[in-house]
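User: Could you take a close look with me at one part of this model, the surface that meets the DNA? I'd like a connected walk through it.

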Protein chains: 2
Amino acid sequence: MVQKSKRPPVTKIDAPVPPKRRGRPRAYQPDVALGKALDLFRKDGFAATSLDDLAAATGMNRPSLYGAFGDKRELFIKSYRRYREDARVAMGDIFRDELPIRRRLERIYAVALDIYLSGESGPRGCFTVMTAASEAVHDPDIRAMVLEGFTELDKAFAACFRQAKEKGELSESADPVVLAQLASATIHTIAIRARARMPRKELEAIANGALDVMLGAAK
Amino acid sequence: MVQKSKRPPVTKIDAPVPPKRRGRPRAYQPDVALGKALDLFRKDGFAATSLDDLAAATGMNRPSLYGAFGDKRELFIKSYRRYREDARVAMGDIFRDELPIRRRLERIYAVALDIYLSGESGPRGCFTVMTAASEAVHDPDIRAMVLEGFTELDKAFAACFRQAKEKGELSESADPVVLAQLASATIHTIAIRARARMPRKELEAIANGALDVMLGAAK
DNA sequence: GGAATTTTTTGCGAAATGGTACAAAAAAGT
DNA sequence: ACTTTTTTGTACCATTTCGCAAAAAATTCC
């Protein structure tokens with residue numbers, strides 16, 4: 001036939017243009033496959049998720065899985081990394097926006113609840129919390145990621161409170177770091193309880209009560 | 001027919017008197033065996049703990065394990081029940097004692113930290129939190145126990161705050177239920193972070209900061 | 001068209017896992 | 001001593017699990 005395959009024109013700068021790989025094309029999209037793997041790990045945890053489950057969920061077979069992401073542990077770590085990126089994106093705007101502190105925190109907890117309660121076969125909870133509970137003790141690399149996750153959240157909250165304090169929304173005596181730890185604690189308790197299928201209403205009530213104390217006590 | 005026909009209503013009263021059982025005597029003490037099983041489950045979680053591991057740890061062989069405690073899930077549930085009993089005992093006095101609220105809470109957090117940080121091969125964390133993260137979503141019976149654990153803790157804390165309020169240790173506007181949820185949240189965040197090997201000092205600082213805010217002692 | 005390259009597919013295999021069958025062992029009752 | 005009762009110890013089974021090797025397929029490069 002005519003040679004001249006559909007050569008991608010040089011149109012866009014950073015378009016996801018296929019870079020003309022050399023061999024047999026992949027039958028999967030790494031991104032979506034990783035997403036499916038993440039879903040599974042969130043549902044069942046590391047140990048209870050088998051490579052066969054993962055292969056079935058991603059539509060890949062095990063050798064392909066292996067070739068693409070490494071062994072089970074590596075896949076888990078990559079899934080966790082992906083989860084964190086997703087969470088950062090979901091939270092990013094809110095942490096950036098300069099809203100009144102109360103509104104801001106309300107929105108953060110709302111997004112968190114969306115993340116924790118989603119899932120077809122039950123609330124998926126928070127990967128960081130789940131991973132901390134099980135894998136972080138024994139695996140130094142995973143532990144480092146989990147700890148980083150904690151401090152990242154603490155710092156984001158602390159920045160919020162610090163800003164609010166500068167704007168006069170909090171009393172002079174309020175300690176942003178301490179309040180941030182309480183805000184994180186509230187995130188954690190909500191994540192855990194969500195996983196035990198506590199209804200959203202009750203979780204929202206917990207968040208609101210916590211807000212009352214955190215924002216009111218410093219009045 | 002798997003049911004055990006034994007159990008004349010004694011055996012639990014503190015009578016170290018061997019009741020002259022009929023067949024071959026047990027080579028293990030059910031209590032200590034269950035304790036070993038609990039240790040293992042706390043260390044690795046449900047899925048990652050094999051029956052072989054449990055048999056090795058208890059010194060029993062698998063058929064004996066099975067005969068004594070049922071299958072893996074039953075053993076897990078019994079271990080969890082045992083954990084809760086132990087925790088209740090450890091906390092009981094403190095929740096009962098009529099100390100100044102701050103002292104009381106300090107002691108509670110100290111005991112909690114002892115429980116969460118103990119363990120030869122790493123901090124064992126809180127069984128309720130770990131179980132919530134993994135098993136509670138899929139298993140209704142376990143979920144019920146976990147939820148009960150949460151409300152039990154919430155209620156105990158609420159009672160503390162209510163009492164403190166009556167004694168005038170808290171402002172009239174303080175809401176014992178909300179404060180209790182914050183106190184629980186602090187327990188949870190500590191349990192999770194402990195599991196990620198956060199040092200005791202930092203965990204204590206988190207507890208103390210939370211106390212400052214909850215008791216309005218932030219100055 | 002043929003070589004080179006990359007991925008998929010099939011299937012193997014060794015180990016581990018949860019669970020059970022069954023005989024031997026150890027005690028009490030008679 | 002013999003029976004009964006209960007537990008132990010060995011062995012086994014069916015399945016799952018993780019990982020890999022080797023062949024087949026699909027694509028680009030020459």
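Before we get to the DNA, among contacts in chain A between residues at least 6 apart in sequence, what percentage join residues at least 24 apart?

Analyst: Happy to! Please keep in mind that this is a predicted model. In chain A, 65% of the contacts between residues at least 6 apart in sequence join residues at least 24 apart. The chain has nine helices and zero strands, and buried residues make up 48% of its 219 residues.

Now to DNA strand C. There are 25 residues around this strand, and those that come nearest are A:Arg21, B:Leu51, B:Arg62, B:Tyr66 and B:Lys72. Of the strand C atoms within 4 Å of the protein, 68% belong to sugar or phosphate, and the rest to bases. One contact with a base involves A:Arg24, where a polar backbone atom is 2.9 Å from a base oxygen of strand C. Phosphate oxygens of strand C take part as well: one is 2.6 Å from a polar backbone atom of B:Leu51, and one is 3.1 Å from an N or O atom in the side chain of A:Asn61.

Which elements build this surface? Both α3 (62-69) of chain A and α3 (62-69) of chain B supply at least two residues each, with the largest share, three residues, coming from α3(B). By class, the residues near strand C divide into eight nonpolar, six polar and 11 charged.

Let's turn to DNA strand D. Here, too, 25 residues surround the strand, and the closest are A:Leu51, A:Arg62, A:Tyr66, A:Lys72 and B:Ser64. Sugar and phosphate account for 70% of the strand D atoms that come within 4 Å of the protein. A:Leu51 has a backbone N or O atom 2.6 Å from a phosphate oxygen of strand D. From chain B, a polar side-chain atom of B:Ser64 lies 2.7 Å from a phosphate oxygen, and a polar backbone atom of B:Ala27 is 3.0 Å from a phosphate oxygen of strand D. The elements giving two or more residues to this surface are α3 of chain A and α3 of chain B; for strand D, the largest share, three residues, comes from α3(A). The surface near strand D has eight nonpolar, six polar and 11 charged residues.

One last stop, away from the strands, is B:Arg42 in helix α1 (residues 30-44) of chain B. B:Arg42 is buried yet has no salt bridge, and the nearest side chain of opposite charge, B:Asp39, is 5.8 Å away. Beyond its neighbours within four places in sequence, B:Arg42 is in contact with residues including B:Tyr83, B:Tyr116, B:Phe127 and B:Arg195.

Technical notes:
Residues numbered from 1 in each chain as written. Chains lettered and ligands numbered in written order. Predicted model: local features only at pLDDT ≥ 70, side-chain atom pairs only at ≥ 80, totals over all residues. Heavy atoms only, no water. Helix = DSSP H or I, 4+ residues; strand = E, 2+ residues; numbered from the N terminus. Buried < 20%, exposed > 50% of the residue type's maximum accessible area, 1.4 Å probe, protein only. Lys, Arg positive; Asp, Glu negative; His and termini not counted. Salt bridge = Lys/Arg side-chain N within 4 Å of Asp/Glu carboxyl O. Contact = heavy atoms within 4.5 Å. Near = heavy atom within 4 Å. Polar contact = N/O pair within 3.5 Å; in protein donor to acceptor, adjacent residues only side chain to side chain. Nonpolar A, V, L, I, M, F, W, Y, C, P; charged D, E, K, R; others polar.
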